[in-house]
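Work through the exercises below with the sequence and the 3D view side by side. Try each task before reading its solution.

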Amino acid sequence: MGPQPRMTVQTLGLLSAMLDAPYDTWYGLELGRVSKLKSGTLYPILARLERAGWLSSSWEEIDPATEGRPRRRLYRLTGAGADSARLAVDGHLAELNASSNREPRWGLRPGEQPS
Amino acid sequence: VSPIGLLVIAAGLLLVVALSVAKKLVVDEVSGWLTLLSECLIRRAAEHLPRQGERYAEEWLGELAALGDRRLSGLWHAWSVLQGSRSMGAELEEAVLGETESSEPVKPTPKLAPDLERIVALVRGLVERTKLSEFPMSQLLAELTSLREEDDLEEQLQRIDEGFAAHLEVSRASEPYRRWTDGIRTGDPSTHPAPELRDERPREQRWSGLSGPAWWRRR
């Protein structure tokens, strides 16, 4: 694993979007859509996460001449990256809950009312 | 229907056909131009990334193609990439190459002075031959600071090395050392040479911190 990536709200948003389907591969435009990040923010974050070993990327395995379109760059969470991302997102949510001084929403059982 | 009416209907039909053909031609033409414009914007954006330009141009063109016939969305995507590319340039350089690296060439590690290299080799050799706990660091420092410029360095270093070898030999043959190493093997803490560092608890309790998490030890 490389150096720890800088953890910004945008990075956490992207990671949490990817954690919804941790085994999927995504291309940049899709990631921009689900995380609502502009390309100027998205690609540096992807590069940083890749350098830290949280993401891996590879070119789509197609023949551009046969398909009639260029290859896409596909990103996916690595195993260690998914664990680290989960920890980072959970840690951030826990901090938010602690600062908001209320019961965590996910701590309630189905049908239970917050006190 | 009068002949004039028929003419009007025929002219109307011709006009509809002509308009639909013209519309298709115009739409195709505009679509082609929009695609071309989007690709130009993306190539322009890639120019802002001197080292990564080619790679990101291919990536963004692939994404543009993923939008298919949605030419206006493609144009918007290309425009936003171009907008972001100015700030992205420095950010990507930093993200890909790391904070410590920059466009400046990396300075080579300064080479040690030849004398210092020999001293480092001596210390390294001593460290490899001795255990950390028995390494007489203060004695070594005293020896090194007493090196004299007028004498041959090689001879002085050899003397230090031999002195340490003799010291270790005597030390290891001594009764306290033998008792201590036996104690380490049998787990008897009372043999530790420094009484204040002795841990009198049974061995399994002393090392519990290294035996894994609590749930594992409870098994």
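Four exercises on this predicted model follow, each with a worked solution.

**Exercise 1.** Locate Ser85(B), decide whether Ser85(B) is buried or exposed, and find its side-chain partner.

Solution.
- Step 1: Go to chain B. Ser85(B) sits in helix α3, which covers residues 71-97.
- Step 2: Check the relative accessible area. The value for Ser85(B) is 0%. Buried means under 20%, so Ser85(B) is buried.
- Step 3: Look for a polar partner. The side chain of Ser85(B) makes a polar contact of 2.8 Å with the side chain of His48(B).
- Step 4: List the touching residues, leaving out those up to four places away in sequence. They are Ala45(B), His48(B) and Leu49(B).

**Exercise 2.** Do the same for Ser57(A): find its strand, its accessibility and its polar contacts.

Solution.
- Step 1: Ser57(A) lies in strand β2 of chain A, residues 55-59.
- Step 2: Its relative accessibility is 16%. The cut-off for buried is under 20%, so Ser57(A) counts as buried.
- Step 3: Trace the side chain. Ser57(A) has a polar contact of 2.8 Å with the side chain of Glu50(A). A polar contact of 2.8 Å also joins the side chains of Ser57(A) and Arg73(A).
- Step 4: Widen the search, again skipping residues up to four places away. Ser57(A) touches Glu50(A), Arg73(A), Leu74(A) and Tyr75(A), and also Arg55(B) of chain B.

**Exercise 3.** Describe the largest nonpolar core and the elements that supply it.

Solution.
- Step 1: Give its size. The largest nonpolar core has 41 residues.
- Step 2: Name the residues with the most contacts inside it. These are Leu14(A), Met18(A), Leu31(A), Tyr43(A), Leu46(A) and Trp60(B).
- Step 3: Find the suppliers. In chain A, α1 (9-19), α3 (39-51), β3 (73-77) and α5 (79-100) each give at least two residues. In chain B, α1 (3-46), α2 (53-66) and α3 each do so too.
- Step 4: Look elsewhere. Another core, of 9 residues, lies apart from this one; Ile119(B), Leu122(B), Leu126(B) and Leu153(B) are among its members.

**Exercise 4.** Work out how α2(A) and α3(A) cross, and which residues make the contact.

Solution.
- Step 1: Take distance and angle. The axes of α2(A), residues 28-35, and α3(A) come within 10 Å and cross at roughly 110°.
- Step 2: Classify the angle. Angles of 65 to 115 degrees count as roughly perpendicular, so α2(A) is roughly perpendicular to α3(A).
- Step 3: Give the hand. The crossing of α2(A) and α3(A) is right-handed.
- Step 4: Name the contact residues. α2(A) uses Gly28(A), Leu29(A), Leu31(A), Gly32(A) and Ser35(A). α3(A) uses Leu42(A), Tyr43(A) and Leu46(A).

Key:
Residues are numbered from 1 along each chain as its sequence is written. Chains are lettered from A and ligands numbered from 1 in the order in which they are written. This is a predicted model: local features need pLDDT of at least 70, side-chain atom pairs count only at pLDDT 80 or more; totals for chains, interfaces and linings use all residues. Side-chain values use heavy atoms; hydrogens and water are left out. Helices (H or I, at least four residues) and strands (E, at least two) are DSSP runs, numbered from the N terminus. Buried means under 20% relative accessible area, exposed over 50%, partly exposed in between (1.4 Å probe, protein chains only). A polar contact is a pair of N or O atoms within 3.5 Å; within protein, one must be able to donate a hydrogen and the other to accept it, and residues adjacent in sequence count only if both atoms are side-chain atoms. Contact means heavy atoms within 4.5 Å. A nonpolar core is a set of buried Ala, Val, Leu, Ile, Met, Phe, Trp, Tyr and Cys residues joined through side-chain atoms within 4.5 Å. Axes are lines fitted to C-alpha atoms, for helices over the stretch in contact, and angles run from 0 to 180 degrees between N-to-C directions. Angles under 35 degrees count as roughly parallel, over 145 as roughly antiparallel, 65 to 115 as roughly perpendicular and the rest as oblique. A crossing is left-handed if the near helix is turned anticlockwise from the far one by less than a right angle, and right-handed if clockwise.
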